[in-house]
Amino acid sequence: MMGFQIVILWSDVLVWLLVAVTFALALLARRNPQQCAAWRRVGSSRVGMAAATVLLGFVLVGLLDSVHYRSALTGKSGQKTQYAVEVLSVLDALASPLRLRAEKTYSAPFATRLYAKETRDEPGLGAVRDYPRLKYGGQHLGEREDAVWADVSQQALRWMILAFLGWLLLVGLRHTFTVNVQKEAKMPVAQPALAWDAVLLTLLVGLLVLVPLFGLAGQYHVFGTDKVGQDVLYLVLKSVRTALIIGLVTTLVLLPLAVGLGIVAGYFRGWVDDLIQYLYTVLNSIPGVLLIAAAVLMMQVVIDTHPQWFATAAERADLRLLALCLILGMTSWTGLCRLLRGETLKLRELDYIQAAQAFGVSHARIILRHILPNLMHIVIISLVMDFSGLVLAEAVLSYVGIGVDPTMNSFGTMINNARMELGREPVVWWSLLAAFITMFVLVLAANLFADRVRDAFDPRSA
């Protein structure tokens with residue numbers, strides 16, 4: 001009998017579908033000499049590969065958080081197995097110490113006591129107002145609360161040494177693999193185009209930061225706790241998946257609209273072009289935030305009036321997340337569509353396109369074999385560069401209350417909750433800072449990688 005039940009959310013299906021599509025596109029790109037050359041230029045860029053390494057770390061966290069299950073409840077033998085209502089993920093299982101070690105309320109990073117005073121009765125002293133001791137943070141110190149920073153520095157140093165040794169092992173394994181390839185080839189192998197030095201250096205910096213961070217998280221709340229005592233580091237990890245889904249799944253919606261309508265408008269021209277231009281002109285004339293807010297609120301009414309659709313709260317929050325992706329995609333395709341229309345107008349006048357039309361080649365074959373491949377560099381550049389904008393859009397929308405479900409962790413909800421935290425006395429600053437730093441690193445890495453992809457795929461820079 002299994003101790004868990006697999007739960008498949010629609011967002012999980014789309015995430016893993018994107019992974020499969022990425023691998024399929026990578027295999028197809030290997031057969032295209034031009035795309036292979038462009039991706040080699042990306043791989044030879046030290047900045048690009050450093051950014052890609054950081055993005056890969058975020059993607060790994062998102063994938064771990066995209067495998068969901070429900071734990072089995074203990075019951076009498078012979079009875080039908082019942083499962084918990086709470087839906088967990090593999091990331092939740094790995095981060096159980098962070099998820100389960102909840103305090104009463106706010107506590108600062110590496111604190112041993114709560115952030116607010118409480119009144120309690122002391123034998124012989126009566127009512128005393130003091131900062132209560134945390135249930136989990138720094139409990140291994142016992143009465144030595146003044147030794148927090150000495151203990152943190154010693155543990156951090158040990159974890160950093162361990163991280164450095166692990167990095168040396170990775171370097172040794174890569175060197176051994178390279179030597180074995182050279183021996184099997186029986187000739188010197190040219191240095192690969194991939195900027196391995198940037199990848200390894202980024203891994204070293206990441207390991208020296210993250211290994212001590214998660215090592216100390218087993219005994220301290222390294223990013224503090226929020227209003228209900230949840231570890232902020234856990235909330236940050238859970239917010240990564242939401243940001244990635246907003247940035248990646250939205251592309252599944254806008255890509256067919258932008259590519260299809262843009263090419264059709266530019267290729268056929270006439271009344272078809274006029275109709276599509278009218279469509280995206282009208283859509284652009286509507287304030288984006290108002291359009292998104294109206295669509296989200298209408299979707300929320302549908303969700304509230306049909307509670308029987310959802311077996312768990314996670315399914316309800318997941319549907320709202322997908323609705324937000326759909327709405328963002330429906331309102332974000334116009335820019336790429338306009339760009340592809342202009343490029344198609346230029347391509348259709350080239351000699352080989354005119355010759356194909358003169359020989360009676362079908363319009364569909366001309367579009368698929370001649371026009372679309374010549375537009376893929378624009379599509380790739382636009383999608384990569386729009387990723388960071390979509391991540392920031394989710395944060396802004398959640399901040400104004402029209403983003404993801406309040407029960408779902410995201411950077412936007414963390415920033416939204418920080419509004420009240422910054423207005424209290426004393427100020428709770430760590431939740432906002434943790435969300436800001438993580439989102440800054442994610443968006444910065446996406447922008448740097450997008451710049452290198454743009455330079456590699458732009459024909460003018462080839």
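These legends describe close-up views of a predicted model.

**View 1. Helix 14 packs against helix 16 with axes within 9 Å.**
Helix 14 covers residues 363-399, and helix 16 covers residues 430-457. Their axes cross at roughly 165°. Angles over 145 degrees count as roughly antiparallel, so helix 14 is roughly antiparallel to helix 16. The crossing of the two helices is left-handed.

**View 2. Residues of helix 14 meet residues of helix 16.**
On the helix 14 side, the contact includes H377, I380, I381, V384 and M385. Further along helix 14 come F387, S388, V391, L392 and A395. Helix 16 answers with M439, L442, V443, A446, N447 and F449. A450, D451, V453, R454 and F457 also belong to the helix 16 side. What mix of residue classes makes up this contact? The residues divide into 16 nonpolar, 3 polar and 2 charged.

**View 3. The second largest pocket has a volume of about 1,100 Å³.**
Its lining is made of 45 residues. Which of them lie nearest the centre of the pocket? They are Q230, P406, T407, M408 and N409.

**View 4. Three helices each give two or more residues to the lining of the second largest pocket.**
These elements are helix 8 (232-268), helix 11 (313-332) and helix 15 (411-422). Helix 15 gives the largest share, 6 residues. By class, the lining of this pocket divides into 17 nonpolar, 16 polar and 12 charged residues.

Methods:
Residues are numbered from 1 along each chain as its sequence is written. This is a predicted model: local features need pLDDT of at least 70, side-chain atom pairs count only at pLDDT 80 or more; totals for chains, interfaces and linings use all residues. Side-chain values use heavy atoms; hydrogens and water are left out. Axes are lines fitted to C-alpha atoms, for helices over the stretch in contact, and angles run from 0 to 180 degrees between N-to-C directions. Helices (H or I, at least four residues) and strands (E, at least two) are DSSP runs, numbered from the N terminus. Angles under 35 degrees count as roughly parallel, over 145 as roughly antiparallel, 65 to 115 as roughly perpendicular and the rest as oblique. A crossing is left-handed if the near helix is turned anticlockwise from the far one by less than a right angle, and right-handed if clockwise. Contact means heavy atoms within 4.5 Å. Ala, Val, Leu, Ile, Met, Phe, Trp, Tyr, Cys and Pro count as nonpolar, Asp, Glu, Lys and Arg as charged, and the others, Gly among them, as polar. On a 1 Å grid over the protein atoms alone, a cavity is a set of points where a 1.4 Å probe fits but cannot get out, and a pocket is an open set with protein on both sides within 12 Å along at least five of seven lines; lining residues have an atom within 4 Å of a point. Grid points are joined across faces, edges and corners, and a volume is the space filled by probe spheres set on the points.
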